[in-house]
Amino acid sequence: MSLHAQDDPQLRAAQEERLRAVWKPPSGLFLRWTDTNNNRVGVWYTLTAFGFMLFAGVLALIMRTQLAVPDNDLVSANTFNQLFTLHGSMMMFLFAVPMFEAVSIILLPQLLGARDLPFPRLSAFGYWSFLLGGVFVGGSIFFNAAPDGGWFMYPPLTTRTDLSGLGADIWMLGLSFIEVSSVAAAVELIVGVLKCRPPGMRLNLMPLYAWYILVVAVMILFAFPPLIAGDLLFEMERLLNWPFFDAARGGDPLLWQHLFWIFGHPEVYIVFLPSIALFAMMIPTFAQRHLLGYPWIVLAAVGTAFLSFGLWVHHMFATGLPKISLAFFSAASEAVAIPTGVQIFAFIATLWAGKVKWSTPLLYASGSLAVFVIGGLTGVMVAVAPFDWQAHDTYFVVAHLHYVLIGGTLLPLFGGLYYYWPLITGKKLSDRLGRIAFWIMFVGINLTFFPMHLSGLEGMPRRVFTYPEELGIGWLNLASTAGSYMFATGVAVLVVDLMLSPTRTKSPRNPWNAGTLEWLAHPDDEDWGIRSVPLVESRYPIWDQKNFVAKVDEGRFFLPDAEEGRRETIITSVLDAKPVSVIRLGTPSVKPMLTAVALGSVFILTTYHLYLIAALGGVVTLGCILWWLWDTAEIPEKPEKPIGHGMRLSLYISGPAAPGWWAMFITMMADATAFSGLVFGYYFYWTIHLDFGAGFDEPGSGGPLMALALSLASWAATLSAREVHGWGSVTAARGLLIAGAVTAVGSLFAGLACLDGLDPEANVYPAIVWVLVVWTVVHAAVAAIMQLYTLARSIAGRMTPTHDADIRNITVYMHFFALTAIVTYLTIGLFPETGL
């Protein structure tokens, strides 16, 4: 499509009609449930996370009412335990992380000038997994079956079935299911940022929101999988009596603390950085100038992420660590304040240098910084080990945590809500109600949590359902309870403001006069998003590029039409955003929803020990996944198409330039991180037990080496199949795929043979060997399924030497499978019993 063709009004009208037909949402309630447009999925995602937040807030109000006066009997101790466990779990797992993912699913396509993110069906799958898991976990309290061991679920109290009921299984398996949705969203966001930027948007021109989301999504890949590994060990102990945390049989409860807090402390920054990202978008707008210190802010965000993985042990200062460990982790805990301070000072400097337009969103941003700084200062205090020993597990830590999370997550989200509401609905929220809500919440926050510093220093421990009057802290708790109701009132005003929004008139386009791409959206936004994919030459193109908005609206940039009636967007290179290809996006489908339901049945049925039906659910899940994948990587009707300005791009791409290849690589990084958590467990036991493995029939070296050889043979066969297939030798490639599947199955049986004579219930050594081997043989089975799937695609004519995405993608998996086999079989073969 040439640039001059856009001057014809009739042609433009015809093009818009084609786009409207392609992107029109399906009609009917059920069909809308199957919609995979990221904007609508993101809206439902956001509303669901917001609903879970309100529910968790009600649980907190009940707790504060119970603690308002000494010796209160409003709720029992057991109910109180369920309340604080579910409150913390829902806020962290069902609100903070899903909310940032939901908002990003809405904003990123528009920020990047893309028609959609690359895997809209994956986003829909993530939403359904989140919804089903959230209802399962949150609804448990209505049946007196909610978890009651704290949001951290420390063993052995939670792993012993005689001390904890079904709630521990609901927490563990339900939240493991939710973690799947978080990883799925991380894959979507990373690939979206790296591969769906508009032409010209180099990495140094990306909006800071995109940088923050990229950093946070990568953090999820390294933070969530260790918790998944811990969940696996936890459930094996509860369901099968394998003694990973039972000290009497060689286990150690501290392993759970390590695996949990390797996740738990980066989690704080996973929910904090996206909120800072909202500041990075709002502050330049209301200062009406470019943000100062862009490179330093990016480096600070990366530095915060890096340091956040080096200070998890500060949650374990009271467990009796060596002094050198105390010193290292205390220093790391204090050092993380440096990059955080860089970001905050850059924002303040931008406001100082600009012409500030005070508004309701900026009011929330300023207030949240004030609250967060107080939490940061107390964080430096508890980072000092001697002080932490005094304040640990008191209400001082509760105050610190809530100042950080409310100031660093909740208030910024409310500010972002007021800022981006016109973008989502075309209508502004009320400035008057917004300011009233803010000041009520601001006073309520400080009235609730500041007294907790004092009650904690006076000796009030965390997680107690009542306290004696003689402690002399009744007035502090009463003040905190009054503050909590005031804060809830402010939230209620905000909810009323949202409910009144449909009655208000449309706001003008870009009402804040922002300079970034998301504000190309019009109040009467079309379903396809932007009219044409722009060429970007600045960080604030609306401000800096002449007639930019008009050119986008008139289709004067790239991909202005839907010539073939398909959903499409442009794929660009990772570093410099050069156009590479056109990708055709997933259409509305029931497959993501059915896959999520099937996978959810596996977790939920396992909770109730219905293993046979759960296994059937696993088979159905596999069938749904294969059904889903069968229509992907389709061979287009033509090799390339024009995108405007005389450029033509391929309609098919494979290998490292393709989004699918990146999705596989990122997914396997998460898989490898989870596996590293299990390997960490093996060597953790190996270092603390001088007689680790002694007295048991060890696998020896012969069996593991045979399993390793077969695994590497399967890997080599797949690698060879990819190469000869690329040469055009389709028959030889098919033979090698069959050989790869056969050797993968052979490695499966060879691996299981290594377990002969090992009773996993007797001691932690055979138990951890079983886990490592079973993990590896399951991956061998998946390798065989992938090889046979690729073979079927080739036979069906869906994969050819020039359209080879399937075989290139499974080769990525095979690299990680080979690495898993090497680590597992060398570990159990070479390190059976010699401790340190």
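User: Where is Asn513 found?
Analyst: This is a predicted model: local features need pLDDT of at least 70, side-chain atom pairs count only at pLDDT 80 or more, and totals for chains, interfaces and linings use all residues. Residues are numbered from 1 along each chain as its sequence is written, and side-chain values use heavy atoms, with hydrogens and water left out. Helices (H or I, at least four residues) and strands (E, at least two) are DSSP runs, numbered from the N terminus. With those elements as landmarks, Asn513 sits in the loop between α16 (474–500) and α17 (541–544).

User: What is the relative accessibility of Asn513?
Analyst: Asn513 has a positive phi of about 60° although it is not a glycine. Buried means under 20% relative accessible area, exposed over 50%, partly exposed in between (1.4 Å probe, protein chains only). Asn513 counts as partly exposed because its relative accessibility is 35%.

User: Is Leu559 buried or exposed?
Analyst: Leu559 also departs from negative phi, at about 55°, although it is not a glycine. Its loop runs between α18 (548–553) and β1 (568–572). The relative accessible area of Leu559 is 2%, so this residue is buried.

User: Which residue in β2 is the bridge partner of Glu568?
Analyst: Two strands pair if DSSP finds at least two bridges between them. β1 and β2 (residues 579–584) pair in the antiparallel sense over five bridges. Their hairpin has six residues between the strands, with Ala577 in the turn at a positive phi of about 55°. Opposite Glu568 in β2 is Arg584.

User: How many of the five residues of β1 are buried?
Analyst: β1 is largely enclosed by the rest of the structure. That follows because the buried residues of β1 number five of the five.

User: Which residue in the turn between β3 and β4 has a positive phi?
Analyst: β3 (residues 640–644) and β4 (residues 647–650) pair in the antiparallel sense over four bridges. Glu640 stands opposite Ser650 in β4. Two residues separate the strands of this hairpin. The turn residue with a positive phi, about 60°, is His645.

User: What arc do the buried residues of α10 cover?
Analyst: α10 (residues 323–335) buries Leu326, Phe329, Ser330, Ala332 and Ser333. They lie on the same side of α10 because their arc, taken from the directions from the helix axis to the C-beta atoms, is only 165°.

User: Which exposed residues are on the face of α10 turned away from its buried side?
Analyst: An α-helix has 3.6 residues a turn, so residues three or four places apart point the same way. On the face of α10 away from the buried side, the exposed residues are Lys323, Ile324 and Phe328.

User: How many of the 26 residues of α25 are buried?
Analyst: α25 (residues 805–830) reaches 38 Å from its first C-alpha to its last, close to the 38 Å expected. The expected span of a helix is 1.5 Å times one less than its number of residues. α25 is largely enclosed by the rest of the structure, because its buried residues number 19 of the 26.

User: Which residue meets Glu16 in a salt bridge?
Analyst: A salt bridge is a side-chain nitrogen of Lys or Arg within 4 Å of a carboxyl oxygen of Asp or Glu. The N to O distance in this pair is 3.6 Å. The pair links distant parts of the chain, 515 residues apart: Glu16 in α1 (residues 9–23) and its partner in the loop between α16 and α17. Glu16 is partly exposed at 25%, and the partner, buried at 5%, is Arg531.

User: What is the relative accessible area of Asp169?
Analyst: Asp169 and Arg238 meet in a salt bridge (2.8 Å, N to O). The pair links distant parts of the chain, Arg238 in α7 (residues 208–240) and Asp169 in α6, 69 residues apart. Arg238 counts as buried at 8% relative accessibility. Asp169 is buried too, with a relative accessible area of 3%.

User: How many salt bridges does the count come to?
Analyst: Arg463 and Asp393 form one, at 2.7 Å, N to O. Arg463 is partly exposed at 26%, and Asp393 is partly exposed at 33%. Salt bridges that share partners also join Glu563, Glu564, Glu568, Arg584, Glu637, Lys638 and Lys641 into one network. The count comes to 23.
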